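Biologist: I would like a close look at a single part of this model. Please take the surroundings of the ligand and work outwards from there.

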Amino acid sequence: MWVANPSLQWTFTIYSLPVFTGAHLKTSIGHNWQEGPINSPTVLNSSMNVAQFWDGRAKDLKAQAGGPIANPGEMAFTHELAVDVLNSMPGYKAEFKAVFGKDAATIDMVTDAIAAFEETLTTPHSRFDKWLKGQKNALTNTEKEGYTLFKDSGCTACHYGPAVGGNSFQTMGLVAKYDTKNKAEGVGGLTGVDADRMKFKVPTLRNVELTYPYFHDGEADTLEKAVDIMGKLQVGRAYTPDEIAKIVAFLKTLTGKQPTFLMPILPPSTNDTPKPKPFG
Ligand code: HEC
């Protein structure tokens, strides 16, 4: 329902754009150029994730969407201020009224709308999908060999399902310890349970060609490095450069059709719209 309203939809594109186009930084930049604590997961296909964030602390996209608005290290707003800004503009009020039937926007409607928008960010028709559907020439021999290696060495124990990941939390550094300067402890940071330390949501591998750098700390800047590390730390296998190249070739077949957007002209502010204070 909501996505039929293009101009409202575009407002929320602004929130999501830096993430899904991939700023390709190890961690994202927040208000006042603050350095974020963790690599931003892609919003592409994020509706397929079992929960949101690397540690799963938001149960779904709607629960996630409220976080960055009020986080002092991200948008440094408050929910009240965000809603006041929207409600100060007749253009937005009309859009919210058309969609939700209410005279004023609430944070609940805002997070509903953001989640509905994110649900549209799917990437179908990858070459791998075409191959699975029976189009035999959709993959080259090298890519098929890479897929066989991926399956036979056990990568699919964690990266499985429609998003090739996103459905479970697993220890990073199962066979050997992962060395990182990043302070995130994954699920353990939430539960305080030792066995959950360094358990992170298995990322989707769809579009992984586009979502560098890799891992929660953003420390692997190429797919080759990420595959090498996964081989050694998760399945106890030191791949040859040739094997790594084959797996990488397979992973690149998971790139699907990307969502495209026309940037909208946003509704104008009024004299009552709270003014931005970017430097104070
Ligand atoms: C035991 C579960 C498990 C297995 C097996 C596993 N992975 Fe992973 N994979 C993960 C987790 C968890 C992460 C995220 C780790 C982090 O960021 O700290 C990850 C991350 C990745 C990433 C980076 C994605 C991103 O967006 O950052 C790639 C690429 C990857 N895995 C490929 C593979 C390959 C190839 C194999 C087989 C050699 C494999 N994985 C085996 C759990 C697993």
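Which helix gives the most to the shell around the ligand, and with how many residues?

Modeller: Helix 9, residues 223–234, gives the most to that shell, contributing five residues. The model is a predicted one, and what follows should be read as such.

The shell itself comprises 26 residues, of which Cys155, Cys158, Met172, Tyr214 and Phe215 come nearest to the ligand. By class, 18 residues of the shell are nonpolar and eight are polar, while no charged residue is found there.

The loop that leads into helix 9 starts after strand 4, and Pro213 is found in that loop. The peptide bond between Tyr212 and Pro213 is cis, with omega at about -5°. Tyr214 is among the residues that come nearest to the ligand. Asn207 also belongs to the loop between strand 4 and helix 9. Its phi is positive, about 65°, although Asn207 is not a glycine. Asn207 counts as buried because 22 C-beta neighbours lie inside 10 Å, and the cut-off for that class is 20 or more. Thr222 is in the loop between strand 4 and helix 9 as well. With 13 C-beta neighbours inside 10 Å, Thr222 counts as partly exposed. The C-alpha atom of Thr222 is separated by 27 Å from that of Asn137, with the two positions 85 residues apart along the chain.

A second residue with a positive phi is Asn32, where the value is near 60° and the residue is again not a glycine. Asn32 sits in the loop between strand 1 (29–30) and strand 2 (34–35). Asn32 is exposed, since 11 other C-beta atoms lie within 10 Å and a residue is classed as exposed at 12 or fewer.

On the other side of the sequence from that loop, helix 9 is linked to helix 10 by packing: the buried residues of helix 10 pack against helix 7 (141–152) and helix 9. The buried residues in helix 10 are Ile244, Lys246, Ile247, Val248, Phe250 and Leu251. Ile244 can serve as the example from helix 10, residues 241–251. Ile244 is buried because 21 other C-beta atoms lie within 10 Å. Apart from neighbours within four places in sequence, the contacts of Ile244 are Glu224, Val227, Asp228 and Tyr239. Ile244 and Gly30 are 214 residues apart along the chain, and their C-alpha atoms are separated by 35 Å.

Phe250, another buried residue of helix 10, leads to Leu139: the two are 111 residues apart in sequence and 8.3 Å apart in space, C-alpha to C-alpha. Leu139 lies in the loop between helix 6 (127–132) and helix 7. Leu139 is buried because it has 20 other C-beta atoms within 10 Å. Leaving out neighbours within four places in sequence, Leu139 is in contact with Arg127, Trp131, Lys144 and Thr253.

Elsewhere in the chain there is a helix pair to describe. Two packed helices are described by the angle between their axes and the distance between the axes. For helix 2 (residues 61–70) and helix 5 (residues 107–118), the angle is about 115° and the axes are 8 Å apart. The crossing of helix 2 with helix 5 is right-handed. Helix 2 makes the contact through Leu61, Lys62, Ala65 and Gly66, and helix 5 through Ile107, Thr111, Asp112, Ile114, Ala115 and Glu118. This contact has five nonpolar, two polar and three charged residues, whereas the ligand shell has no charged residues.

As for the setting of these parts, the chain has 10 helices and four strands. In sequence order they read α-β-β-α-α-α-α-α-α-β-α-β-α-α. The radius of gyration is 21 Å, close to the 19 Å from the globule rule for 280 residues, so the chain is as compact as a globular protein of that length. The C-alpha trace spans about 65 × 45 × 30 Å along its principal axes. Of the 280 residues, 32% count as buried. Among contacts with a separation of 6 or more, 68% are between residues 24 or more positions apart.

Terms used. Residues numbered from 1 in each chain as written. Predicted model: local features only at pLDDT ≥ 70, side-chain atom pairs only at ≥ 80, totals over all residues. Near = placed C-beta within 6 Å. Helix = DSSP H or I, 4+ residues; strand = E, 2+ residues; numbered from the N terminus. Nonpolar A, V, L, I, M, F, W, Y, C, P; charged D, E, K, R; others polar. Contact = placed C-beta atoms within 7 Å. Rg over C-alpha atoms; globule rule 2.2 N^0.38 Å. Axes fitted to C-alpha atoms, helices over the stretch in contact; angles between N-to-C directions. Left-handed = near helix turned anticlockwise from the far one by under 90°.
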